[in-house]
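Let's take a friendly walk through this structure, one sheet at a time. Have the model open beside you as you read.

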Amino acid sequence: MRSLNYFAKLTIFGCLLSTIPVIFIGIFAYVTSTNEIQKNVNEGKKQLIMQINSNVEQKLTTVNHTMNQVLASTVLKRAMSQSLTAADFMLYDDLRNEIRHMQSFDTKLEDVILLNQRHQWLVKNSGLYDLDQYEYSEQLLELMELPEYSSWVLTPSYLFYSEEFARNTAVCPYNMTLVKQLPANSIDTYGLALATIPTCSLQEMVEQNIDSSSSVIIFDDQLNMIIHNDQTLIGQSVEAAGIDASKLTETSGQYDALIQDMNSAVTYYKSPVTGWTYMSISSIEALTAESKKIGMYTLYICMGLIVLCIVLVWLGTKQFYSPIRRLLQQIGVKELGYRSQQQSSNEFQLISDRVHDLFQSKSELEHQLQQHIHQVRTLFFMKAYQGQIKPSEIRAQLKQFGYSSQLESWNTMAAITIQIDFHPSSSHSIKDIDLLLFALHNVVEEFIPAEQRLASVILDQSVVTVIGSPSTEADSFHTMQYSLTESLQQQIKQLLNLQISIGISTPFYELSGFSAAYREGLDALKHRMILGEGIIIQYDQLSENRHVLQLNYPQQLENELLDAIKVAEEERAREHLLQLLSTIFQTDRSPQEFQFPLTRLLNNLVMMMQESGITIKQLKHHHGSLLEQLLKIQHKQEIERWFWKVVIHPLIVIYRDRQEEQYHKLSEKIIDLVQRYYDTDLTLEECASRLHYNANYLSSVFRKETNVSFSDYLTMYRFKMAKKWLSENDMPIKDIAAKLRYNNSQNFIRSFRKLEGMTPGQYRDKYKSQEDRVV
């Protein structure tokens, strides 16, 4: 069956088409004279419409905030949980006082209605009603089907009145109603809180900011009008006011249009908060009064023809099309949007598409709700373990999350805290901890039966859950705990190849012990520093109350370690570090007490660095505070590895580089002295005096850098100069010996023969004969 309104559309189109030539002539002259004025006014209209948007949304926000305060009051919570009769006058009076606080002059509220479907009562300005006896109760209950927990809805005024209907609806037939489903943030809602603002009040507030030549229209995200100076158009689509919705594609904009027989400048702004569109419509004729006469008669004739066509078509099709229109309005087909209506061949297809979309929306909402419940539950447990939830609220929240059976059957509970043990030989890296914790969380959820635990959460690189038992005997509960945790540890080792440690809190019997139990589990895990990895330990079995006075600190070992670092002796430094840590861990301390000697050692290493002018950056450390890293480590082997890799070995490398650079510079200075003063009685002691160093230290440094002693190097350099003199001039051998500081020439000749295998005279003759042959 083809659409019954096609004839109307075709007729209107024909009327418009026939008037195009006349319209074109009039508009050309009219637009030419008004463009310049319109440009100047458009910017002012844009600012005005944004100001109106700000004022309206401020009013709506104020109403929403005051409504939230009422909903959070203890009076409302108490009222929602019981029936209201004439005997409950005090509670009713308190409830009315809460409502009256909202109805100030600023909020413009006409009425505040509270509805309780479960206990069948309704409270409003005029009094307390039995919900079954209220004339429009069914229409009000339909508001509970709204998809959002809180939303603004355009509603007829008569829904909120019974005996006062005739007095109010004649003034303002529609209200903007803030609908909030009760209880808040609950899946099972059975009540409503409704705050109504007459659209007339909003209209008055809007009109205070505009002049007589303009009008303001506000319509919601479904393109239904909320504010219009013509009250009969409120609730209808913007097309009923002559507005082309296809032009509203941007967040804000301006365009010229023919609206309600008037050539208008349209400025609109779409609110990002509510999705409402604020539109200012100004008559171009009023803005351009001087050019109004141009084309006036042409426009009147064209508008008359168009209006006549519309009226005739409307009168002809109203009788036949009104039943289908009512059906389309009832199923909300306009929410499908412009594109969906264009693609559908007729109204029945639109109805079918709409029903299909409603079923799909229902499935999507249910899926999203389940996801949100899971996230809210996880957040609740994290806050409970951290002590951010009041003990009085924990039981109610657990019941909402579906743990009623556990709360009724459990008599004893305990928190178990699971952490992953990383060590150098492990096949997993600390970089993968987020992925590993996720896998560990899934194994815990699958392995421990749901009736024995609450939901597990990942918190501070740990997996935490609470297990419970109906048993009240401590031995029986302990046996169950250890059996469960040992099996869990083996299962994780088998499935994930992970070594884990488990800390168990002391049993608790009230839900207020959540946060304390979590802290006890973490404290128990700190004993891995003493007991090693892969432990299952219960907090109440620790000797935490035994205090041992520890005054001895291996100061001598620390001094030897620092000395070995300064001289860059790697093996000796490693040996002293192992001895120092072994001495510290042999003492009888609690895990917390081990922090003091370890912190002292780190502090002394940092002080040594500062005294030597070494900064933290030179250690190539980029992971925050050294102290914070140290305090997070919970294994002896990891502490030893951390000290060596992060602090001590980098220091040794820095000191070694410094020594090598210093040695090289000292050797160069000694060589320079030899080359300058070889012909004097130069000694190592004289070099040490000139360079301000110890002679023995210089001797070891020079030998390390050149692989020869100072005296050997001085002798070799002197013989090098002797051979140069013998080959280049005729200086007597006696003078050469004297210049090289020999007591007599015979000692020089013997030394030269020993080094070269010939006397100085033979060396000179040999060199001269070679020169003669070359010549």
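In strand 6, Leu194 is the bridge partner of Val179. Helices and strands are DSSP runs here (helices H or I with at least four residues, strands E with at least two), numbered from the N terminus. The model is a predicted one, in which local features need pLDDT of at least 70 and side-chain atom pairs count only at pLDDT 80 or more, while totals for chains, interfaces and linings use all residues. Residues are numbered from 1 along each chain as its sequence is written, and side-chain values use heavy atoms, with hydrogens and water left out.

**The sheet around strand 6**

Strand 6 (residues 191-198) belongs to an open, antiparallel sheet of six strands, ordered 3-2-1-6-5-4. Two strands count as paired if DSSP finds at least two bridges between them. At the edges stand strand 3 and strand 4 (150-156); each has a single partner strand, so one side of each lacks a neighbour in the sheet. On average, neighbouring strands of this sheet are turned by 20° against each other, direction ignored.

Three of the pairings can be set side by side:

| Strands | Sense | Bridges |
|---|---|---|
| Strand 1 (residues 111-116) and strand 6 | antiparallel | six |
| Strand 5 (residues 174-182) and strand 6 | antiparallel | eight |
| Strand 2 (residues 121-124) and strand 3 (residues 127-130) | antiparallel | four |

From strand 1's side of the ladder, Leu114 stands opposite Ala193 in strand 6, and Leu115 has Leu192 as its bridge partner in strand 6. A hairpin of two residues joins strand 2 to strand 3, and Leu122 faces Tyr129 of strand 3 across the pairing.

Is strand 6 mostly covered or mostly open? Mostly covered: eight of its eight residues are buried, where buried means under 20% relative accessible area, exposed over 50%, and partly exposed in between (1.4 Å probe, protein chains only). In a regular strand the side chains alternate between the two faces of the sheet. In strand 6, both faces are covered, with Gly191, Ala193, Ala195 and Ile197 buried on one side and Leu192, Leu194, Thr196 and Pro198 buried on the other.

Helices lie against this sheet too. Helix 4 (residues 89-102) lies across strand 1, strand 2, strand 3 and strand 6, at about 45° to strand 2. Helix 7 (residues 199-207) packs on the sheet by touching strand 4, strand 5 and strand 6, and its direction makes about 45° with that of strand 6. Contact means heavy atoms within 4.5 Å. For the angles, axes are lines fitted to C-alpha atoms (for helices, over the stretch in contact), and values run from 0 to 180 degrees between N-to-C directions.

Asp130 sits in strand 3. With 39% relative accessibility, Asp130 counts as partly exposed. Its C-alpha atom is separated by 9.0 Å from that of Leu84, 46 residues apart along the chain.

**The mixed sheet**

Further along the chain, five strands form an open sheet in the order 13-14-12-15-16, with mixed pairing. Its edge strands are strand 13 (457-459) and strand 16 (536-538), each pairing on one side only. Here the average turn between neighbouring strands is 30°, direction ignored. Strand 15 (residues 500-504) and strand 16 are parallel and share three bridges; Ile502 has Ile536 as its bridge partner in strand 16. Helix 14 packs on this sheet, touching strand 12 (412-420), strand 13, strand 14 (462-469) and strand 15, with its direction at about 10° to that of strand 14. Helix 16 (residues 514-525) also packs on the sheet, touching strand 12, strand 13, strand 14, strand 15 and strand 16, and its direction makes about 40° with that of strand 12.

**Two helices in contact**

Helix 14 (residues 433-447) also packs against helix 15 (residues 474-496), at an angle of about 130° and with axes 11 Å apart. That makes helix 14 oblique to helix 15. Angles under 35 degrees count as roughly parallel, over 145 as roughly antiparallel, 65 to 115 as roughly perpendicular and the rest as oblique. The contact involves Ala439, Leu440, Val443, Val444 and Phe447 of helix 14, together with Leu484, Ser487, Leu488, Gln491, Ile492, Leu495 and Leu496 of helix 15.

**The protein overall**

The secondary structure comes to 28 helices and 16 strands. Of the 775 residues, 43% are buried.
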